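Work through the exercises below with the sequence and the model open beside the text.

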Amino acid sequence: MGNLEAATSKMYQRKTAIPTSAQVSAATQPGRFRYTLNNNLLTTEQRQFYEENGYLVIRKLVSDEDIERFRKEFIRICNKEVKPLGAMIMKDQVRRSQSAPAEKAVNKVQDFQEDEELFRYCTLPQVLRYVECFTGPNIMAMHTMLINKLPDSDKQTFLHPMHQDLHYFPFRPAERIVCAWTAMERAHRDNGCLVVLPGTHTEPLRPHGYPEGQGSVNKLFHGILDLDENSPRVHVVMEKGDTVFFHPLLIHGSGVNKTSGFRKSISCHFASSECHYIDVKNTVQEDIEKEVVEQARAKFNVTSVDLKDIWSFRARLVQGERMNL
Ligand SMILES: O=C(O)CCC(=O)C(=O)O
């Protein structure tokens with residue numbers, strides 16, 4: 001058994017294994033609301049907005065104090081003072097070759113589920129109250145990221161091409177998955193705020209890859225290959241602590257950072273623990289499976305790991321009961 005599998009089986013034994021489809025579809029509201037569940041938190045207008053647009057911004061949800069703690073932990077990780085198990089520390093391709101200091105070269109810390117300080121983000125009660133409106137009460141944190149959008153180089157490597165997050169996820173249903181993305185400083189057009197195509201969460205998953213001519217060379221920053229560049233876009237300008245919740249089929253991305261500062265954000269994709277894994281063979285997700293599995297096998301030096309193992313390793317229960325994921 002390799003390191004990853006051993007860690008997975010030791011740490012993540014399922015509490016229960018209850019069949020899912022009936023429960024998940026029972027949780028789906030018939031008729032008016034498809035993407036949100038009945039709750040006592042969202043106003044009808046907020047629900048309607050998410051139903052129509054696929055995203056919802058909640059102002060000032062995360063405190064300055066928490067954000068400062070996340071920022072300090074990010075610097076500790078960059079400086080290798082802490083090395084969270086399984087975390088991927090991704091350096092920008094251009095800055096890496098220029099041997100810039102670590103915090104000026106690291107553009108992403110992914111899979112920080114083993115870092116207690118950063119993972120606190122995924123357990124913040126004020127975030128989970130909103131998450132529950134989309135996932136229901138049994139909540140898994142599935143995918144974590146702290147993005148440090150670096151000042152642009154002439155190669156435009158900090159652009160995040162337009163994509164649908166479901167491209168990366170081998171679990172369903174999409175309606176019971178939501179991303180929470182919190183601005184760690186003001187995010188605006190000049191430093192590469194999120195850009196969304198409202199309403200695209202109602203469309204199917206599209207083929208993704210490395211789009212040509214967009215300047216993005218960073219590993220696994222996939223984009224939609226046949227995107228209509230004229231589709232109406234919204235630049236989601238956010239203040240520090242503002243949090244946007246969005247659907248995994250919503251087409252989104254972010255532009256280059258034209259300022260001399262950084263643009264940091266912390267995010268987590270949450271899913272109902274009643275979601276189930278799917279086999280992505282012969283689907284538009286087949287290629288991403290190969291790339292992710294190859295990357296994990298190289299990183300953990302194991303040969304027998306598969307996509308489901310990788311996701312089980314990342315997944316953490318943050319509220320309620322663990323069912324299928
Ligand atoms: O933070 C960004 O710049 C982009 C994030 C993004 O696209 C994502 O989380 O899927």
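**Exercise 1.** Find which oxygen contacts the ligand makes with side chains, beginning at D165.

*Solution.* A polar side-chain atom of D165 lies 2.8 Å from an oxygen atom of the ligand, a polar contact in the sense of a pair of N or O atoms within 3.5 Å. Next, an N or O atom in the side chain of R263 is 2.9 Å from an oxygen atom of the ligand, and for H163 the corresponding distance is 3.0 Å. The protein buries 99% of the 290 Å² that the ligand exposes when taken alone, with accessible areas from the Shrake-Rupley method with a 1.4 Å probe.

This is a predicted model, in which local features need pLDDT of at least 70 and side-chain atom pairs count only at pLDDT 80 or more, whereas totals for chains, interfaces and linings use all residues. Residues are numbered from 1 along each chain as its sequence is written, and side-chain values use heavy atoms, without hydrogens and water.

**Exercise 2.** Determine which strand gives the most to the shell around the ligand.

*Solution.* Begin with the residues that surround the ligand, among them M145, I147, K149, H160 and H163. The elements giving two or more residues to this shell are β4 (139-149), β5 (160-163), β13 (251-254) and β14 (263-272), where strands are DSSP runs (E, at least two residues) numbered from the N terminus. Of these, β4 gives the most, with three residues.

**Exercise 3.** Sort the shell around the ligand by residue class.

*Solution.* The shell has four nonpolar, five polar and three charged residues, with Asp, Glu, Lys and Arg counted as charged and Gly among the polar ones.

Definitions and conventions:
A residue is near a molecule or strand if one of its heavy atoms lies within 4 Å of it. A polar contact is a pair of N or O atoms within 3.5 Å; within protein, one must be able to donate a hydrogen and the other to accept it, and residues adjacent in sequence count only if both atoms are side-chain atoms. Helices (H or I, at least four residues) and strands (E, at least two) are DSSP runs, numbered from the N terminus.
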